[in-house]
Structures are given as C-alpha cells and as structure tokens.
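Work through the exercises below with the model open. Try each task before reading its solution.

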Amino acid sequence: MQSRALLACVTGLAVLLLSGCGADPPEPTASPASPPPSAALPPQPSTPTPTASPTPTLRALPAKLPAGLVRTTGVSQVALTFDDGPDPNWTPKVLDRLKAAKVKATFCVVGTQVRKHPELVRRIAREGHQLCNHSWNHDFDLARRPVAEIRADLVRTNREIRRAVPDAEVPFYRQPGGRWTAEVVKVAKRLGMRSLHWTVDPKDWARPTAATIEKRVERAARPGAVVLLHDGGGNRAATLAACRKLIAALKRDHGVARLR
Ligand SMILES: [Zn+2]
C-alpha cells in the first residue's frame, strides 16, 4: 500500500509539473456559455487536506454552468482577476504593475498560499484590491463533494484570509477550474460570497507568450468583461510581461474597475 501511495504521489507530482502546477484546466476563450470540461480530470493535490475525503463520492458536474454566477462587472468597465496566489515571486510584481497603472484588481487566493504568505494578502488589501476565496488547496473537485465538505473548505480559507487581514471582506468565491455546481454556489452564497466566473480566459496558465496573452485579451474583451489571469500556480513571467500593454489597452478601450 505504501508503494502504491508513493507511486500515486509521484505520478501526481509529474502531472502537476507538466500542467503548470495547479493551473486551471482548459476553458474556452471568451465563450462563457460553454460548460467547463469534465473529461480529463486535472491533477489532485498531493497533500492531503482535512476536508478531503479519502474515498469521495463525487456528484456529477452539470452540463451547463449553474445559475447565479457573476460573469460580468455590471458596468462598462472591465475587471482584472488574478488566481492561484499569493505567490512570493509573482504577486509582488503584479501588484507593482497594477500600482503603476493605477488600477485595482481582484485576487482569488488559495488558502494554503495565504497561510504561507499572509504579508502578501495584507499588501493586496492595503493597496485597495478585492479579495476572492479560491478554496483551501485548489481542489478542482470541491464543488462535487458533500455540502459539508465544501462549506468546511470555504470557511477554512476565509478564516486564513482573516488571520492575515482581520477585517478583510471576501465578497467572492471562485471555484477552481470553473467546475461549478449549484451546490457550491449555494454554499458560497450562505457564507456571504457571490460566485465569480469570468468572461475572458487567455489561457495564461498554459504559458503562451506574453504577446499571445495580450492579443487574446484585447480581442475578446467586451464592455463589462471579467478577465481571468494568474499570479500563482507556476511561472507567470509571460502574464506579468503581458500586463503592461494589456492593462493600457483595456484602460483605453473600456476602463478598468475593481469588482464590487
Ligand atoms: Zn485556479
């Protein structure tokens, strides 16, 4: 059993490394009506969490995204969202870039990262950005688990965020991989969080060039778009490099506003 467990762990790590370390699975660019992929299951976190059941019975993903998702800003300006941090290499640089551009964004933070880098969460909040719960350990299947487990995961993550920033407002939850179920939307709502999806996914998690990320965002952005980017989960050099021109273009074309 031990060797099997070790093998599973090593395989999981290899998959993680190949796929850009915790990056979200493929989502269609600028086609919000398409459901998240349910075929190729993403890598599971190799660290066990208290909220993960050893033999989980997962509910099926719905064919369509459930009701109640926030998918636009509700105003003409677009919003920038950064997922999977805080990351000690990339988050400070992204924050510097946002400060230079005088725009506010939303950071969808992962609980385990918050625990490691509370000072970065403090900086995010101090500089006027919005916080979003992105689960404790980036569990792609969280929305498919029993409601009590979903709730425990979200509560634990918010508790960690508030350990870093005691008065933090966390008005949003974003399901890893966009693998939503009606249940997770309901649990998030009961905890005072709206479920934040996106409009534009340039797939920066697959590490295209900075020019490709810029082009994808600029082409797909419409008034009110919610743009998905990543400041964590792997090497984000291209995302960072794309930010300068991308933010300038979005400011010029639509204006950039913090989600409310
Ligand atoms: Zn994510």
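**Exercise 1: a residue and its helix**

Val155 is partly exposed, because 15 other C-beta atoms lie within 10 Å (20 or more would make a residue buried, 12 or fewer exposed, in between partly exposed; C-beta atoms are placed from the backbone). This is a predicted model: local features need pLDDT of at least 70, side-chain atom pairs count only at pLDDT 80 or more, and totals for chains, interfaces and linings use all residues. Residues are numbered from 1 along each chain as its sequence is written.

Task: locate Val155, then check the span of its helix.

Solution.
- Step 1. Val155 lies in helix H5, residues 147-164 (helices are DSSP runs of H or I, at least four residues; strands are runs of E, at least two; both are numbered from the N terminus).
- Step 2. The C-alpha atoms of Val155 and Trp136 are separated by 8.9 Å, with their positions 19 residues apart along the chain.
- Step 3. H5 has 18 residues, so at 1.5 Å a residue it should span 26 Å (1.5 Å times one less than the number of residues).
- Step 4. The end C-alpha atoms of H5 are 26 Å apart, which agrees.

**Exercise 2: the covered side of H5**

Task: find which residues of H5 are buried and what covers them.

Solution.
- Step 1. The buried residues of H5 include Ile150, Leu154 and Ile161. Asp153, Arg156 and Glu160 are also among them.
- Step 2. Their cover includes strands S3 (106-109), S4 (130-133) and S5 (172-173). Helices H3 (111-116), H4 (118-126) and H6 (182-190) are also included.

**Exercise 3: strand S2**

Task: is strand S2 (residues 79-83) enclosed or open, and which strands pair with S2?

Solution.
- Step 1. Five of the five residues of S2 are buried, so the strand is largely enclosed by the rest of the structure.
- Step 2. In a regular strand, side chains alternate between the two faces of the sheet.
- Step 3. Ala79, Thr81 and Asp83 are buried on one side of S2, and Leu80 and Phe82 on the other.
- Step 4. S2 pairs with strand S7 (residues 226-230) in the parallel sense over five bridges (pairing needs at least two DSSP bridges). Leu80 has Val227 as its bridge partner in S7.
- Step 5. S2 also pairs with S3 in the parallel sense, over three bridges. Here Thr81 has Thr106 as its bridge partner.

**Exercise 4: confidence**

Task: what is the mean pLDDT of the chain, and where is pLDDT below 50?

Solution.
- Step 1. The mean pLDDT (the predictor's confidence in each residue, from 0 to 100) is 86, and 78% of residues reach 70 or more.
- Step 2. Over residues 1-45 the pLDDT is below 50.
- Step 3. Where pLDDT is low, the predicted coordinates should not be read in detail.

Technical notes: Contact = placed C-beta atoms within 7 Å.
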